[in-house]
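Hello,

Please find the structure below, ahead of my notes on it. Let me know if any part needs another look.

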Amino acid sequence: MCGIVGYVGSESVLPILLDGLSRLEYRGYDSAGVAFIENGQVDVQKKKGRILNLREKLADSGLLARQDIHIGIGHTRWATHGAPSDENSHPHLSASGRIAVVHNGIIENYLELKRFLQERGFEFASETDTEVIAHLLEYHYEEDAGQDILEAVRRTLSDLEGSYALGVLCADDPEQFIAARQDSPLVLGLGEGCNFIASDIPAILSHTRKIIIMEDREVARLTKEAIELFDAFGQPVKREPLLVTWDSEAAEKGGYEHFMMKEMHEEPRAVRDTVLPRIRDNRIRFENFQMDRQALENLDRIRIVACGTAAHAGIVGKYVIEALCRIPVEVDVASEFRYRNPIITERTLTIIISQSGETLDTLAAMREAKRLGSQILAIVNVVGSSIAREADHVIYTAAGPEIAVASTKAYNTQLAALYLLAFQMAHTLGRIDDAELKDYLEKMTNLPSLLETTLAHQDDLQRFAAAHFNAHSIFFIGRGLDYALSMEASLKLKEISYIHSEAYAGGELKHGTIALIEEGTLVVCPMTQPQLVEKMISNIREVKARGAVILGILTPDCMRAAEVCDQVIELPQIDPLLAPVVAVTPTQLFAYYMTVNKGFDVDKPRNLAKSVTVE
Ligand code: M6R
């Protein structure tokens, strides 16, 4: 995810900004840049690639050694709008070059705002949503804010929809800069004769431990002597700073013990950022993909190709697309797809799913599908990755960088993207009407808050895992979408806890596998599909009769199955079709706590790599 650092004081600013940005490297990024004021001008230096590239650029130009530059903002970018490049890197400058901005988050209405600005003669140098903010700041600064940068920021914020953490520098005010936030973290750091902003505490922890956490819609003005904080109405806010006592390694994980836990807690934000920017006027609009009715009717089939967790997301996608669109969907693991001479025609749409966009098997399968004449739609998290570059169309998930090897938030966002796609195709085909689409979109919008509720069950799962972490083998069983979900739940458990685990369709166990159930075998049963609950109750009775212990993960509509469960985790009320997005989270927490209890490295399980770039 992007990182922000800002400083105003008496020391040389560039080493402070570079040091701060380096401390955010663990978050992942693809370019870095700084803006600072010298001789009454804003200077921007930015570079695609590592921070080292930027450092070399600043050193070669002599800027890094300068002792007379005391105010600046810096940024590491994780591409969302537009590929990683020098032009798309932050900071972005306004048309006159007098205002610079760094931004984390996503501006959902940026196309609308861009049109507004273009009609007034503003020209754009990048593909980013952030550049809109730079130009809007200048527009207000000149038009209606009386050349007061704080007022221009306030007016600009009222135009923006979406999430942001902002740092704003104006050449006319060389002693101050402005910060603001909405749904994207930003903290203020209080130093001795200097002050800071940062998107994450580790960036400034070597300079100060006195931190004020900004809240949504707050704006701050920083000078070297003081920080003034204002609420959304421009009223001054008094907030005592916190004294941070963590070390910087703990701070990188945002106070969580492991990246996996931090990333599970990012699921509401990740799903929101994947869904909301695509919904406008009760319609779904992807930046880079649209098929009309004739093209959809012409499809002979959809193939979904992926590996691991991404393939499991694809299986949910199959259930949903087939149910809504009545187009046949087949799911292949990429390593098998390439070598089995798959049936692909020019009427096939191949959907490739990958968090990293670099998984070699998936990339090779995509090339094979393309060679055979299929159109390729990629659902990818990493902008500018190999799969994203080679696909015909891309839908980006907005999970942000995933550092733990075990994929968590990426899965939720892959599902969110697949649901949007299924709804859009079903609507275009006339299989759902405007009212049904509107209803689904409202439910999609509500997913982040359901994820928050679900994450609150953490303690129940922690207690349950503490009692069962010595299990030798754990089964996951489910029907319909709960079976698809069980596959992912089982993978998560085995890859980090090293406990043998398998996922089975509830009705399939009795065809052989039930022989493995014995006294005390743990069987986890997600139940979110009310129409299948009676069948699941029968399947549970079959394993209970052989001594199984049952953990049920139930929606309120399925609560009648509680009587056959030994422990129940209750999910919030959710449309059964959308349930996997939320029901996966308790299974991830379960895998996490089982692993912590066993004392294994949650974030770096043995034998595994985050990105598998070998065959
Ligand atoms: O980056 P990708 O989504 O292409 O990666 C695919 C799999 O390697 C990945 O999902 C893997 O299964 C995860 N470790 C699962 O947690």
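Strand E21 (375-380) and strand E22 (residues 393-396) run parallel and are joined by four bridges. Strands and helices here are DSSP runs numbered from the N terminus, with at least two residues for a strand (E) and at least four for a helix (H or I); two strands count as paired if DSSP finds at least two bridges between them. The model is a predicted one, so local features need pLDDT of at least 70 and side-chain atom pairs count only at pLDDT 80 or more, while totals for chains, interfaces and linings use all residues. Residues are numbered from 1 along each chain as its sequence is written, and side-chain values use heavy atoms, with hydrogens and water left out.

Within the pairing of E21 with E22, Val-394 of E22 is the bridge partner of Ala-378. Ala-378 of E21 also stands opposite Ile-352. The latter pair belongs with strand E20 (residues 348-354), which pairs with E21 in the parallel sense over six bridges. Helix H12 (residues 360-371) completes a right-handed β-α-β unit with E20 and E21; right-handed means that, with the strands pointing away from the viewer, the path from the first strand over the helix to the second runs clockwise. Five of the six residues of E21 are buried, which leaves this strand mostly covered. Buried stands for under 20% relative accessible area, exposed for over 50% and partly exposed for what lies in between, with a 1.4 Å probe and protein chains only.

Next, the five-stranded sheet. Its order is E24-E23-E25-E26-E27; it is open, and the pairing is parallel. Strand E24 (500-505) and strand E27 (567-570) are the edge strands, each pairing on one side only. On average, neighbouring strands are turned by 20 degrees against each other, direction ignored. Axes for such angles are lines fitted to C-alpha atoms, for helices over the stretch in contact, and the angles run from 0 to 180 degrees between N-to-C directions.

Strand by strand, the pairing is as follows:

- E23 (residues 473-478) is joined to E24 by six bridges, and the two run parallel; Phe-476 stands opposite Ala-503 in E24.
- E23 pairs with E25 in the parallel sense over three bridges, and Val-523 in E25 is the bridge partner of Phe-475.
- E25 pairs with E26 in the parallel sense over six bridges, with Val-523 opposite Ile-550 in E26. The chain gets from E25 to E26 through helix H18 (residues 533-544), in a right-handed β-α-β crossover.

E25 is largely enclosed by the rest of the structure, because six of its six residues are buried. Leu-522, Val-524 and Pro-526 point one way from E25, while Val-523, Cys-525 and Met-527 point the other way. In general, side chains in a regular strand alternate between the two faces of the sheet.

Helix H16 (residues 458-468) packs on this sheet and touches strand E25 (522-527), strand E26 (549-554) and E27. Contact is taken as heavy atoms within 4.5 Å. The direction of H16 makes about 155 degrees with that of E27. His-468 lies in H16 and, leaving aside neighbours within four places in sequence, is in contact with Leu-522, Val-549 and Met-594. The C-alpha atoms of His-468 and Thr-521 are 9.9 Å apart, with these positions 53 residues apart along the chain.

On cysteines, the structure holds zero disulfides, a disulfide being a pair of cysteine sulfur atoms within 2.5 Å. The closest cysteine sulfur to that of Cys-558 is in Cys-565, at 10 Å, which is too far for a bond. For Cys-565 the closest is in Cys-525, at 6.2 Å, again too far. Both count as buried: Cys-558 has 0% relative accessibility, and Cys-565 has 12%.

Finally, helix H2 (residues 51-60) has Ile-51, Leu-54 and Leu-58 as its buried residues. They are on the same side of H2 because they cover an arc of only 60 degrees around the axis, the arc being that of the directions from the helix axis to the C-beta atoms. The face turned away from the buried side carries the exposed residues Leu-52 and Asp-60. Helix H1 (13-22), strand E2 (31-38), strand E3 (41-48) and strand E4 (71-77) are among the elements covering the buried residues of H2. Gly-62 follows H2 and has a positive phi, near 85 degrees.

Regards
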